[in-house]
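Subject: A structure for you to explore

Hello,

Here is the structure I promised to pass on to you. Have a look around it first, and then read on for what turned up.

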Amino acid sequence: MPSPLRLAALALLGTALAVHAAPTAPWTLPPTIADALARANVPQSALALWVQPVDAASPTWGWNPDFGVNPASVFKLATTSAALETLGPAWTWKTGVYVTGPIRSGVLDGSVAIVGSGDPSLVMERVWLLLRQLRDAGVRDIRGDIVLDHTGFAPSARSAADFDNAPSEPYNVLPDALLMNFRSVTLSFQPDPAARVARVTSEPRLAGLAIDATVPLTKGGCGDWRGALRLAASDANRWRFAGAYPASCGARNWPLAYPEPASYESRLVTALWREAGGKISGKVHDGTLPDGATPVFTFESPQLAQVVRDINKFSNNTMAEQLFLTLARNAPPAPPATATDANEAQARAVLVQWLHERLGAAADGIVVVNGSGLARETRISARTLGQLLQSDWNSPIMPELASSLPVNGVDGTLRRSTAIAGRAHLKTGSMRDVVAVAGFVQADSGRRYILVAVINDPNAASARPALDAAIDWVERDPAKAP
């Protein structure tokens, strides 16, 4: 029997496909946007658009505003808005560090336990800081184990291959309560023409993983340089190159999700603890907080406002999924500190409830799959997104949310925009058959507008200039348009 989520998505499918129906009267499509769509061979009916002054109760202009469309990563606006409002901009994740025995002269006669709460910011440098703080607490030699407690989130029922059959892509890494460094390894290639090789380094170095230190150089264009390397990375212990690296590529980086995610944190902690000069008699392994363990310190994340900035500026899917599950784990009334097993169904329920509280009946047609928008079934209309943004604009979280959005032509995922630079703060969305922007634009008059533009079409990737045309049109002030 299909799941309720699948049935809801199918129920809206007709609405979503209706994006190719006749445009909504009485608006007409501005010529610059229409021309950009035509050049991309995308029908005007594939565009859903909403433009509204932030201080007005009704739109200035719209196009297919009520059709349910797939917004891709623009959906992160819903997740981050809900988090900023319900948790607060200064909220932090807390990773607990415990010991099971006495510490004397740098020796711990027992084990260390690290208990995750979903912190999305535990990149390699911050894991190193956590372990450094453990050393500063007097622990140099652990005579037991390091236990890694992941029980704050329920194990995901999904596979990293589910979305697009690309499990090695870091954007497909699944959430985890004690997720470290996005469970990824970045390979760096530096050509050495004199030696006729490219030298390979990796960050971070994982215990038990060996990677070829060099790969032969080859001539020719850069092209599909990753394919040319013929990397065999399915073995969690040994990565080899059977191909060559084009010298014309210069220095390049290649981030990859680790093929054995369940062992990633134990390998990383083992390597970093050794690099820090720490000793351990036992092993680093997954487990649960031992009974009677004594807290040593709490390692806090950056404040939520900074994490939201990282999520929206760079459209980080894994961080958005961490935040999504955090909403479930910390939904009011707040669960006890030992609450475990927050799962995606709970997170969907929390976010849907929040959207209904914020938007009322306008939220009825929304289909929530996850917190990142990395799903084919997600649906929301341009009008509803516009109403969410207007609600955000009039809420206390507006400064933090607006500053988290990419600035067109300046930074984040919008730095290549060709519209007038620096005048729009817009979240972007992009995946196969979808491109989108949504956020705030300042017009020539100084007035600020809400802009939502979503294209659902097989040629959507070629229609990005239509989004830039929409930004440019709003920057020139649609209220003054003839």
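Two strands count as paired if DSSP finds at least two bridges between them. With that in mind, and remembering that this is a predicted model, take strand 6 (residues 112–115) and strand 8 (residues 146–149): they pair in the parallel sense, over four bridges. One of the partnerships to look for is Val115 with Asp149 in strand 8.

Both strands belong to an open sheet of five strands, whose order is 18-8-6-3-19 and whose pairing is mixed. At the edges sit strand 18 (284–287) and strand 19 (294–300), each pairing on one side only. On average, neighbouring strands here are turned by 25 degrees against each other, direction ignored.

Which strands does helix 5 touch? Helix 5 (residues 124–136) packs on the sheet and touches strand 3 (94–99), strand 6 and strand 19, and its direction makes about 145 degrees with that of strand 19. Helix 7 (residues 264–275) lies across strand 8 and strand 18, at about 140 degrees to strand 8.

Now for a single residue, Ala72. You will find Ala72 in the loop between strand 2 (61–63) and helix 4 (76–87). Is Ala72 buried or exposed? Its relative accessible area is 1%, so Ala72 is buried, the cut-off being under 20%. Leaving aside neighbours within four places in sequence, Ala72 is in contact with Ser372, Gly373, Gly429, Ser430, Met431 and Val434. Gly360 is 288 residues from Ala72 along the chain, and their C-alpha atoms are separated by 23 Å.

Enjoy exploring!

Best wishes

Definitions and conventions. Residues numbered from 1 in each chain as written. Predicted model: local features only at pLDDT ≥ 70, side-chain atom pairs only at ≥ 80, totals over all residues. Heavy atoms only, no water. Helix = DSSP H or I, 4+ residues; strand = E, 2+ residues; numbered from the N terminus. Buried < 20%, exposed > 50% of the residue type's maximum accessible area, 1.4 Å probe, protein only. Contact = heavy atoms within 4.5 Å. Axes fitted to C-alpha atoms, helices over the stretch in contact; angles between N-to-C directions.
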